[in-house]
Each structure stands twice: as structure tokens, then as C-alpha cells.
Amino acid sequence: VYGIEKPQGYSVSFHYNPLVEYHHFGSSHPMKPWRLTLTKQLILAYGLEYAMELHEPRSASFEELAIFHDREYLDFLKHITPQNMDPEKEEYLNFGFGGESNDCPVFDGLWDYVSLYSGASLHAANSLLNGQSDIAINWSGGLHHAKKNAASGFCYVNDIVLAIQHLLTQNQRVLYIDIDVHHGDGVEQAFESTDRVMTLSYHKYGMDRNNYPFFPGTGNINEMGPTDPSNRGKGHSLNIPLDDGIDDDQYTWIFKTVTGAVVAKYNPNAIVLQCGADSLGGDRLGKFNLNIKAHGFCVEFIKSFNRPLLLIGGGGYTPRNVARTWCHETAVCVDAQLHNHLPTHLPYLQAFQGEENGGGVLYPDLHNTKRHENANTRQKLDNIVKQALENLRYLDG
Ligand code: ZLS
Ligand code: CA
Ligand code: ZN
């Protein structure tokens, strides 16, 4: 019909290969790829697939991963199996495997798993590049700790770095924002020497009761990348360290204030938002008290800047709440409002029932599920914002 222009709203694309769901880190491991099954089922049950374009991307190739990662590391990843691994061998430890925590186990299909989630992030970045979509989503990615030659914190290949490198082929400046409860150290490190990527991470920082630092132990407010004036990356990392139990009002306030200032100053051509859902209340590993709508507010706020936007997953260790959050955030992207009562035809409905604070609903009250005492005072947060805004002055050159 002529006379009708492009429909209002954003074109949203969803990049997901269901084969990722079938990988297991081991029964006691907190990272559960089947949280992605729950997420997808919830999205389908609400009918959100009719409001976006669905893509089933192929796996990334060895060569595509080698754009960031060392070939020796990729060779190791490609060939290691639970049967042939030798925990005594030096390379095993050097590449980030084993150790006392065993955060990064070797499991069957490891190579397929990493190339599937990375392929989805690359495909999503590509659909922003070729203008097919304004917002591209990959909930299976967001593995922000992986280094170019080592696995770290459940992350083996850094799909975020790869996606940003791809975006940089046609964008002068990319802003990376990370609301996972952990510091996005791998992405920060990868781009520490360039002014074409700015990284901004909000995370828990500090010691626990036993005086162990919260993983990965980096990301204090004064860590802002190289400060050497001859380094182009000077001042292009910003870290917002937060304490246990932060609530919705505090988090959305600090997020708005700092992110708003960064976008105004850096004026990115594209934005990548890592939406780790371990910053929610009741997360098995996280320490914050956020509700789903406060987490989703971050997505709404970023969307309002109208820049090409890549949304990726990340952590999240209470699977039913990961699914709820990423379903809500998918709805935010397509401007849909969802009914609080879960669709009755939802497969796995049981997974969302029988909870203390909201069985059978999409938006349970998570604020008190684990009752982390709020250690963030008004004054501490004011100081962090003040310091963060001061750090931004480094961008003036
Ligand atoms: O950001 O805290 C750690 C490292 C240790 C070493 C010493 N041991 C005893 C404790 C842990 C310092 N690792 C963290 C990694 C968190 C990664 C977050 C990833 C992301 O969300 C992005 C996807 C950690 N926290 C909890 C665990 N590891 C952990 C808990 C339970 C288990 C089971 C499996 C493995 C070993 C037993 C494990 C790790
Ligand atoms: Ca973070
Ligand atoms: Zn995390």
C-alpha cells in the first residue's frame, strides 16, 4: 500500500540457535544453558515472536573466533574432551582450566557450545551492520570474562569482543555497557588501548565475610584503563563498584545518571548492552536486590537513545528469573506490555510455580527473596557518581 511509510517502532531481530541448550557444564555447576530453553518458551508463550524477526544463526568458524583469540588457545579448545584432558599438563592451567574453583570445566561438546553462542552474537551484530534491524538480541551470549588466550569465570570465548570488533568495521565509536553483577573485565581489557570502544560496567565490588574478593576482584572506581596520555584508550573504561543489596531506586538512579552522562559525552554510533541477570534479587550467585522491571529499565533507557543496539545475555543463576527478565526485556524492545499472569499453555509452567513471592507470575517480588542487607548508602553512591563524572573528564583529552 503506497503512502504508508515504515511502520512505527523498531525492527527487532532475535538470534538464537536452540542447539546451545543441550550443553551441560556439570550437575553442580551454577551455569545452566537450559535457562535458555525456559527463556525461549516464555517468549513464545507470550507470542513475542510475531513482533520480531527470528534467525537461527550458524556456528562461528575457527577463523572468525581467531579475529580475537589466539590460535593455540582455540586449537586447545577445539580438541579438548573430558576423555583426553590431562589436568597435570601445564597448558591446561595456563588456558584457565582446572584450578581449585573449576569455574571452567571441560565438557562434551565444548567447542560446539562456544561456536554456537559466538555465531549468534556475530550474526546479531551483522544484522545491525546491514540495517536489517535496529535492535538485535542474543540471549545465549554475553560471556564477558574470556581472555584472548584463556577461559575465565564460566566464559571460554568472548563473543562480546568479537561482536564489537565486527561493529567497528562500520562504526567509529561503540559503547559497551554491562549490568551483569560481575565486572566485565575481559571486554574492558580487550579494548583498553583504543578510543573507539568505551566500556562501562556496573557490578558488585568488595570482600565477602571470609575476606575473599567478589569475582573477578577488579573494577574499582579508580580503574579507568591506561592513564598514560600517549595511550589512545586513556579514560575509556568506566567502572561503577556497588555493594551488597542495592535496591531498584538506587540502581536505576545511578544507572541513569552515569550512563546518560557517558552517552552524552562519548556519542557512540552503536551500543552493546550485556544484560546479565545475576544482578536480580534472589540470584544464586549475585548479591543485589533488583526486581525485573528495574533491570529492564536499563534496557528501556538505552533504547531511548535510538542507536543501533545489540542486546546480549550473560550471567543469571536462578533460571526461572533469568527467563522472566529476558522475556520482559524482549518485550521492552518490541514495545509490548505483558500480562503478569503467565500464559497457561506455557510448557515448563511448573518451573515458575510454587515460589514464595510470586509463583505463576511474570513479575514476582524479588526484592526480599534472599534479603541481602543493603550496604549502599546515599552518601557512598553520591561519591561514586561524583568520581565517575570526574573520570569522564579524561575523555576531553
Ligand atoms: O559474570 O569466585 C570465583 C573463583 C574462586 C576460586 C576459589 N573457589 C573456592 C571459589 C571461587 C574465585 N569464581 C566465580 C566465577 C563467577 C563467574 C561469573 C560469570 C558471569 O556471570 C558471566 C557469565 C564463582 N562464583 C561461584 C562459583 N564460581 C562456583 C560456584 C559453584 C561451583 C560448583 C561448580 C564450580 C565448582 C563447584 C563452581 C563455581
Ligand atoms: Ca557488570
Ligand atoms: Zn555474572
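Start with the calcium ion (ligand 2) in this predicted model. Display its six donor atoms and check the angles: they run from 70 to 165 degrees, and the site is irregular.

Now label the donors. Asp178 gives two atoms, O and OD. Asp180, His182 and Tyr202 each contribute O, and Ser201 contributes OG. Distances to the calcium ion (ligand 2) span 2.4 to 3.0 Å. Along the sequence, the donor residues follow the pattern D-x1-D-x1-H-x18-S-Y.

Next, select Asp180 and Ser201 together. Asp180 sits in the loop between β4 and α7, while Ser201 belongs to strand β5 (residues 197-204). They are 21 residues apart, and the pair links distant parts of the chain. Both Asp180 and Ser201 are buried.

Move on to the zinc ion (ligand 3). Which protein atoms are its donors? Select Asp180 (OD), His182 (ND1) and Asp278 (OD); they lie 1.9 to 2.0 Å from the zinc ion (ligand 3). The spacing in sequence is D-x1-H-x95-D.

Then trace the chain from His182 to Asp278. His182 is in the loop between β4 (174-178) and α7 (185-190). Asp278 is in the loop between β7 (270-274) and α9 (292-303). The two are 96 residues apart in sequence, so the pair ties together separate parts.

Switch on a surface for these two. Are they buried or exposed? His182 is buried, at 7% relative accessible area. Asp278 is buried too, at 0%.

Finish on Asp180 and His182. For the calcium ion (ligand 2), each offers O. For the zinc ion (ligand 3), Asp180 offers OD and His182 offers ND1.

Definitions and conventions
Residues are numbered from 1 along each chain as its sequence is written. Chains are lettered from A and ligands numbered from 1 in the order in which they are written. This is a predicted model: local features need pLDDT of at least 70, side-chain atom pairs count only at pLDDT 80 or more; totals for chains, interfaces and linings use all residues. Side-chain values use heavy atoms; hydrogens and water are left out. Donors are N, O and S atoms within 2.8 Å of the metal (3.2 Å for Na, K and Ca); water is not among the atoms, so sites may look incomplete. Helices (H or I, at least four residues) and strands (E, at least two) are DSSP runs, numbered from the N terminus. Buried means under 20% relative accessible area, exposed over 50%, partly exposed in between (1.4 Å probe, protein chains only). Four donors count as tetrahedral if all angles lie between 85 and 135 degrees; four count as square planar and six as octahedral if opposite donors are over 155 degrees apart and all others between 65 and 115; anything else is irregular.
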